[in-house]
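Subject: Structure handover

Hello,

Here is the structure I promised to pass on. My notes follow below it.

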Amino acid sequence: MTRVAKTWARVLVLALGFLVAAQAQAAKWKYCDGEWEARIMNATVVPDPARAGQEINVLIDGEIGRLVKGGELDLTVLFHRIPVYKEKDDLCDRLESCPANGAFTVNAKQKLPPLTLPGNYQLKITAKDTEDKDLVCMVLDLEIKGPAIF
């Protein structure tokens, strides 16, 4: 490979790295009222902002001080504080490793409907263990843009 080709390859890799970093930003979030056993360290939405008709990925890093063998994850999407979508999932289906003990990552991927209204949304996430004990509740702010027009 020529010297010029190597330089262009490096520039391309660097540009792609900046593009990915720009799309993966820490999201604004808060705990629901109350005391929670699990701690959230970071929440990321990719891409941010999300686009109607495309996939969104919500990654939540946290930690728990005991072994959690499973449970339930409730997801509620709110638009202007009005619930517009609800989903219940097996907690182990959304954790990167289950059972979880110590550090954990929730990985929630979802394709947005093409007719999603653009605007500011909130995603409320509640997790319970197999004994129905509340682990954590958080509300994550999301911005959704209209579908990309090419």
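Aspartate 89 first. This is a predicted model, and in it aspartate 89 is buried, at a relative accessible area of 17%. The cut-off for buried is under 20%, so aspartate 89 falls on the buried side at 17%. Strand S7 holds this residue. Its side chain has a polar partner: the side chain of arginine 94, at 2.7 Å. Beyond neighbours within four places in sequence, aspartate 89 is in contact with Gly71, Glu72, Leu73 and Leu75, as well as Arg94.

Threonine 105 comes next. It sits in strand S8 and counts as buried, with 17% relative accessibility. A polar contact of 2.8 Å links its side chain to that of aspartate 61. Setting aside neighbours within four places in sequence, the contacts of threonine 105 are Leu59, Ile60, Asp61, Arg94, Leu95 and Glu96. Arg94 is thus in contact with threonine 105 and also with aspartate 89.

Now the core. In general, nonpolar side chains in soluble globular proteins tend to be buried together. Here the largest nonpolar core has 32 residues. Ile60, Phe104, Leu123 and Leu140 touch the most other members. Strands S3 (39–46), S5, S6, S8, S9 and S10 each give at least two residues to this core. S10 provides the largest share, six residues. Phenylalanine 104 has its own list of contacts outside the four-place window, including Ala38, Ile40, Ile60, Ile64 and Leu95. Asp61 is one of the contacts of phenylalanine 104, and Asp61 also appears among those of threonine 105.

Then the largest pocket. Its space comes to about 420 Å³. The lining has 20 residues, with Val77, Tyr85, Gln110, Leu112 and Pro113 nearest the centre. By type, the lining splits into 15 nonpolar, two polar and three charged residues. Six strands each supply at least two lining residues: S5 (55–68), S6 (71–79), S7 (82–90), S8 (100–111), S9 (119–129) and S10 (134–145).

Some backbone points to check on screen. Most peptide bonds are trans, and most residues other than glycine have a negative phi. Against that background:

- Valine 46 and proline 47 are joined by a cis peptide bond, omega about -10°. Proline 47 is in the loop between S3 and strand S4 (50–51).
- Cysteine 98 to proline 99 is also a cis peptide bond, with omega near 5°. Proline 99 is in the loop between helix H2 (91–94) and S8.
- Arginine 81 is not a glycine, yet has a positive phi of about 70°. It lies in the loop between S6 and S7 and counts as exposed, at 75% relative accessibility.
- Aspartate 132 has a positive phi too, near 65°. Its place is the loop between S9 and S10, and at 53% relative accessibility it counts as exposed.

Last, the segment after S10. Where does proline 147 sit relative to threonine 116 in sequence and in space? The two are 31 residues apart in sequence, and 8.3 Å apart C-alpha to C-alpha. Proline 147 lies in that segment and is partly exposed, with 44% relative accessibility. Leaving out neighbours within four places in sequence, proline 147 is in contact with Arg51, Ala52 and Pro114.

Best wishes

Technical notes. Residues are numbered from 1 along each chain as its sequence is written. This is a predicted model: local features need pLDDT of at least 70, side-chain atom pairs count only at pLDDT 80 or more; totals for chains, interfaces and linings use all residues. Side-chain values use heavy atoms; hydrogens and water are left out. On a 1 Å grid over the protein atoms alone, a cavity is a set of points where a 1.4 Å probe fits but cannot get out, and a pocket is an open set with protein on both sides within 12 Å along at least five of seven lines; lining residues have an atom within 4 Å of a point. Grid points are joined across faces, edges and corners, and a volume is the space filled by probe spheres set on the points. Helices (H or I, at least four residues) and strands (E, at least two) are DSSP runs, numbered from the N terminus. Ala, Val, Leu, Ile, Met, Phe, Trp, Tyr, Cys and Pro count as nonpolar, Asp, Glu, Lys and Arg as charged, and the others, Gly among them, as polar. Buried means under 20% relative accessible area, exposed over 50%, partly exposed in between (1.4 Å probe, protein chains only). A polar contact is a pair of N or O atoms within 3.5 Å; within protein, one must be able to donate a hydrogen and the other to accept it, and residues adjacent in sequence count only if both atoms are side-chain atoms. Contact means heavy atoms within 4.5 Å. A nonpolar core is a set of buried Ala, Val, Leu, Ile, Met, Phe, Trp, Tyr and Cys residues joined through side-chain atoms within 4.5 Å.
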